[in-house]
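User: Could you walk me through how some of the labels for this model are justified? I would like to see each value set against its criterion.

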Amino acid sequence: MALLISRDLPDDPAVEWDTQLLATLVLKHIEAKNVNLVVTFDAGGVSGHANHISLHTAVRYLHSEGKLPEGCRVLVLESVNLCRKYISFLDVLISCLLPTDALFILTEEETEQAKRAMQCHRSQLLWFRRLYLLFSRYLVVNSLRLL
């Protein structure tokens with residue numbers, strides 16, 4: 001299975017994944033783990049990352065085709081504009097004023113935990129992700145909508 005995933009679903013921001021393959025894999029996981037809530041990216045993929053957009057497309061397909069198990073709901077993480085994306089905790093006020101289905105505001109401890117988790121993936125920690133760790137609102141506040 002790992003070979004299939006690395007070959008057919010490469011970790012590459014420019015590669016669009018096959019919707020049917022991804023939908024099949026996601027649905028198998030949902031059913032095997034008895035998942036009742038899926039959280040995924042929105043159509044913008046937060047940063048335009050093709051893999052993230054593909055995941056949204058696959059989950060949206062499962063949802064629109066009625067293939068998700070009874071009672072399984074889907075929340076999509078809202079992409080925000082570049083200015084809001086990098087104003088860190090200052091976006092909390094803006095997010096509180098805008099309509100959304102779910103708003104998660106992380107504590108300082110949770111934000112530090114998220115940063116530590118990112119630092120465990122050294123191969124992913126390129127210069128722009130270091131800026132992300134310093135300024136991203138997604139490490140402090142996340143707004144989601146029901147699909």
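User: Which residues is H52 in contact with, leaving aside its neighbours within four places in sequence?

Analyst: Happy to help! This is a predicted model. In it, H52 is in contact with F41, G45 and S47, once neighbours within four places in sequence are left aside. Contact here requires heavy atoms within 4.5 Å. H52 itself lies in helix α4.

User: What makes the approach of H52 to the backbone oxygen of G45 a polar contact?

Analyst: A polar atom of the H52 side chain lies 3.1 Å from that oxygen of G45. The cut-off for a pair of N or O atoms is 3.5 Å, so the distance of 3.1 Å falls within it.

User: How far is H52 from T40, going by C-alpha atoms?

Analyst: Their C-alpha atoms are separated by 8.1 Å, and the two residues are twelve apart along the chain.

User: Why is α2 called roughly perpendicular to α4?

Analyst: Helix α2 (residues 19-33) packs with helix α4 (residues 50-64) at an angle of about 70°, the axes being 9 Å apart. Angles from 65 to 115 degrees count as roughly perpendicular, so α2 and α4 earn that description. The crossing is right-handed.

User: Which residues meet there, and how many are nonpolar, polar or charged?

Analyst: From α2, the list includes L22, A23 and V26, while α4 contributes L55, A58 and Y61, among others. By class, the contact has nine nonpolar residues, four polar and no charged ones.

User: What are the domains, and how far apart are their centres?

Analyst: The chain is divided into domain 1 (13-79) and domain 2 (81-141). Their centres, taken over C-alpha atoms, are 21 Å apart. Six residues from domain 1 and five from domain 2 take part in the contact.

Notes: Residues are numbered from 1 along each chain as its sequence is written. This is a predicted model: local features need pLDDT of at least 70, side-chain atom pairs count only at pLDDT 80 or more; totals for chains, interfaces and linings use all residues. Side-chain values use heavy atoms; hydrogens and water are left out. Axes are lines fitted to C-alpha atoms, for helices over the stretch in contact, and angles run from 0 to 180 degrees between N-to-C directions. Helices (H or I, at least four residues) and strands (E, at least two) are DSSP runs, numbered from the N terminus. Angles under 35 degrees count as roughly parallel, over 145 as roughly antiparallel, 65 to 115 as roughly perpendicular and the rest as oblique. A crossing is left-handed if the near helix is turned anticlockwise from the far one by less than a right angle, and right-handed if clockwise. Ala, Val, Leu, Ile, Met, Phe, Trp, Tyr, Cys and Pro count as nonpolar, Asp, Glu, Lys and Arg as charged, and the others, Gly among them, as polar. A polar contact is a pair of N or O atoms within 3.5 Å; within protein, one must be able to donate a hydrogen and the other to accept it, and residues adjacent in sequence count only if both atoms are side-chain atoms. Domain bounds come from an automatic or database domain assignment.
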